[in-house]
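Subject: The structure I promised you

Hi,

Here is the structure we talked about, with the sequence alongside. Have a look at it first, and then read on for what turned up.

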Amino acid sequence: MAELARPGKIIAIHLNYVSRSDQRGRRPAAPSYFFKPASSLAGTDGVVERPAGTELLAFEGEIALVIGTAARRVSVDGAWSHVASVTASNDLGLYDLRANDKGSNVRSKGGDGYTPVGPDLIDASRVDPSALRVRTWVNGELAQDDTTSGLLFPLPQLVADLSQHFTLEPGDIILTGTPAGSSVIVPGDVVEVEVDAPGAPGAPSSGRLRTTVTQGEIEFDPALGSMPAVDDLQRAEAWGSRELAGLPPVEQPAPGLSPELRTKLEAAPTAGLSSQLRKRGLHSCFIDGLSANLPGAKIVGTAKTLRFVPAREDLFKSHGGGYNAQKRAFDAVGEGEIIVIEARGDETTGTLGDILALRARTRGAAGVVTDGGVRDFDAVAEIGLPVFSKGAHPSVLGRKHVPWEFDVTIGCGGATVQPGDVIVGDGDGVIVIPAHLAEEVADAALAQEDEDAWIAEQVAAGHPVDGLFPMNAEWRAKYEASR
């Protein structure tokens with residue numbers, strides 16, 4: 001066991017690995033934390049008790065940082081110098097006690113022996129914090145294997161972030177998150193966690209941190225507080241998936257537009273759709289001033305919104321780099337969705353380029369609509385992703401914009417767009433249709449198209465437009481008879 005002084009604080013992050021976030025179906029915009037009591041600390045070759053009356057004790061192999069020198073309001077660049085050691089940890093948790101603590105994890109992760117750490121300490125100055133590896137074995141079988149290159153928030157950022165709120169003192173321990181693969185363990189299971197730096201000289205390692213699960217005999221007292229309680233959501237999250245938990249899959253409604261409605265909207269021109277919206281009192285449905293990068297392009301889909309705010313150096317530093325809102329939106333776009341970007345009509349900077357366009361295309365996006373510019377314009381067109389924009393501009397992100405948030409109500413080209421609104425674009429422009437009106441408006445627009453085609457036949461045959469366009473009662477009767 002490594003010689004660790006009793007820490008003043010044990011701080012753990014909720015979600016920090018891309019693999020784990022993808023498994024959970026959510027990616028935080030910023031790190032969030034919880035405290036664990038020092039009494040939860042345990043060493044290697046120890047035991048952890050699953051309390052009587054519970055079923056969902058889960059392991060989480062993690063990289064632990066041990067603070068060496070006090071850190072208060074340190075920069076990201078200087079943060080790693082305050083870390084003395086790196087080692088393995090197991091952030092054990094009892095999902096049966098999660099519900100009533102609302103994310104604080106006081107009871108679910110604070111139990112005696114719920115924070116094994118060790119056995120050996122790796123000198124932090126000898127390793128690159130972006131090139132560490134964590135692996136976990138359960139009964140000798142590999143269950144987790146990931147590296148710090150897969151973190152949402154790099155290790156130095158965690159130290160710097162925490163130091164702006166309180167002083168990190170020598171001996172404090174930071175648990176830096178667990179990758180995918182965490183699951184339920186039962187009495188008799190043996191969990192081993194190892195952290196190493198394969199690319200560093202000598203490939204330093206923490207050695208294997210070993211914990212054996214035992215069965216407790218004492219139940220919680222209902223007279224003192226809330227009791228253990230589990231449901232299918234807790235079971236699925238503890239095991240890692242509904243399938244691993246032995247639960248049937250949840251029937252999900254088909255996202256976005258039905259194939260039938262999409263076919264109707266693809267056949268209906270924006271001119272006809274906008275006419276039907278005006279008849280229903282909606283006059284502000286146009287995203288103005290945009291043109292397509294692909295001649296003759298037609299896009300139909302539901303809106304995935306992304307909002308940029310005006311550039312400000314301090315805000316770009318905190319929100320513009322790393323896994324920012326722009327990248328998260330393009331990573332999260334679903335099949336048949338259209339990314340709609342609020343760029344405040346500023347065409348003097350790019351709002352996406354070829355890499356993000358390729359990501360959207362790979363994800364099955366139906367297109368992108370932006371009231372800003374597009375960089376790598378020709379390359380984006382070659383990818384085949386339809387983009388309606390104000391045109392090409394070579395500048396990079398940060399010149400005029402800060403990517404701020406996604407899946408919120410935005411303004412794009414003078415139109416309000418909400419997530420899930422129906423977007424249709426063609427040679428006449430781009431319009432926004434409230435989702436609940438889409439079927440009605442599409443049917444009416446196609447009916448109007450039939451009428452207009454019949455009127456065009458009559459005009460071609462030599463009839464004057466007076467009384468025919470629009471049709472008076474006489475012409476209406478003739479039209480109905482022809483149908």
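Start with glycine 46, whose bridge partner in strand E14 is threonine 211. That pair belongs to the contact between strand E4 (residues 46-50) and E14 (residues 209-215), which run parallel and share 5 bridges. Before you go further, keep in mind that this is a predicted model.

On to E14's link with strand E13 (residues 190-196): here the two strands run antiparallel, with 4 bridges joining them. If you want a pair to click on, glutamate 192 sits opposite arginine 210 of E14. E13 is also joined to strand E10 (residues 133-138), again antiparallel, by 6 bridges. In that pairing, valine 138 has valine 191 of E13 as its bridge partner. How much of E13 is buried? 6 of its 7 residues are, so the rest of the structure largely encloses this strand.

Put those strands together and you get an open sheet of 5 strands with mixed pairing, in the order E4-E14-E13-E10-E11. At its edges are E4 and strand E11 (141-147), each of which pairs on one side only. On average, neighbouring strands in this sheet are turned by 20 degrees against each other, direction ignored.

Now for another sheet. This one is open too, and it has 7 strands, in the order E2-E1-E12-E6-E7-E9-E3, with mixed pairing. Its edges are strand E2 (33-36) and strand E3 (41-42); each has a single partner strand, so one side of each has no neighbour in the sheet.

Strand E7 (residues 83-90) is a good place to zoom in, as 7 of its 8 residues are buried. It pairs with strand E6 (residues 61-67) in the antiparallel sense over 7 bridges. Along that pairing you can find glycine 61 opposite asparagine 90 of E7, and isoleucine 63 opposite alanine 88 of E7. E7 also pairs with strand E9 (residues 115-123), antiparallel as well, over 4 bridges. Look there for valine 86, whose bridge partner in E9 is isoleucine 122.

Which helix lies across this group of strands? It's H3 (residues 155-163), which lies across strand E1 (10-13), E2, E6, E7 and strand E12 (173-175), and runs at about 80 degrees to E2.

Next, the inside. As a bit of background, nonpolar side chains in soluble globular proteins tend to be buried together. In this model, the largest nonpolar core has 44 residues, and the ones touching the most other members are Ile63, Leu65, Trp80, Val86, Leu168, Ile174 and Ile185. E1, E6, E7, E10, H3, E13 and E14 each supply at least two of the core's residues. H3 gives the most, with 5 residues. You've already met two of the well-connected members above: Ile63 in its pairing with E7 and Val86 in its pairing with E9.

Try selecting leucine 168 and seeing what surrounds it. Leaving aside neighbours within four places in sequence, its contacts are Ile11, Ile67, Thr69, Ala70, Ala71, Val159, Leu162, Ser163 and Ile174. There is also a second, separate core of 19 residues, and among them are Ala325, Val333, Leu356 and Val374.

One last thing, about the cysteines. A disulfide is a covalent bond between the sulfur atoms of two cysteines. How many disulfides does the model have? The count comes to 0. To see why, take cysteine 285: its closest cysteine sulfur belongs to cysteine 412 and is 13 Å away, which is too far for a bond, since the two sulfur atoms would have to be within 2.5 Å. It works the other way round as well, because the closest cysteine sulfur to cysteine 412 is that of cysteine 285, at 13 Å. Are these two buried or exposed? Cysteine 285 is buried, with a relative accessible area of 3%, and cysteine 412 is buried as well, at 0%.

Have fun clicking around, and send me any questions.

Cheers

Note on methods: Residues numbered from 1 in each chain as written. Predicted model: local features only at pLDDT ≥ 70, side-chain atom pairs only at ≥ 80, totals over all residues. Heavy atoms only, no water. Buried < 20%, exposed > 50% of the residue type's maximum accessible area, 1.4 Å probe, protein only. Pairing = 2+ DSSP bridges. Axes fitted to C-alpha atoms, helices over the stretch in contact; angles between N-to-C directions. Contact = heavy atoms within 4.5 Å. Core = buried A, V, L, I, M, F, W, Y, C linked by side-chain atoms within 4.5 Å.
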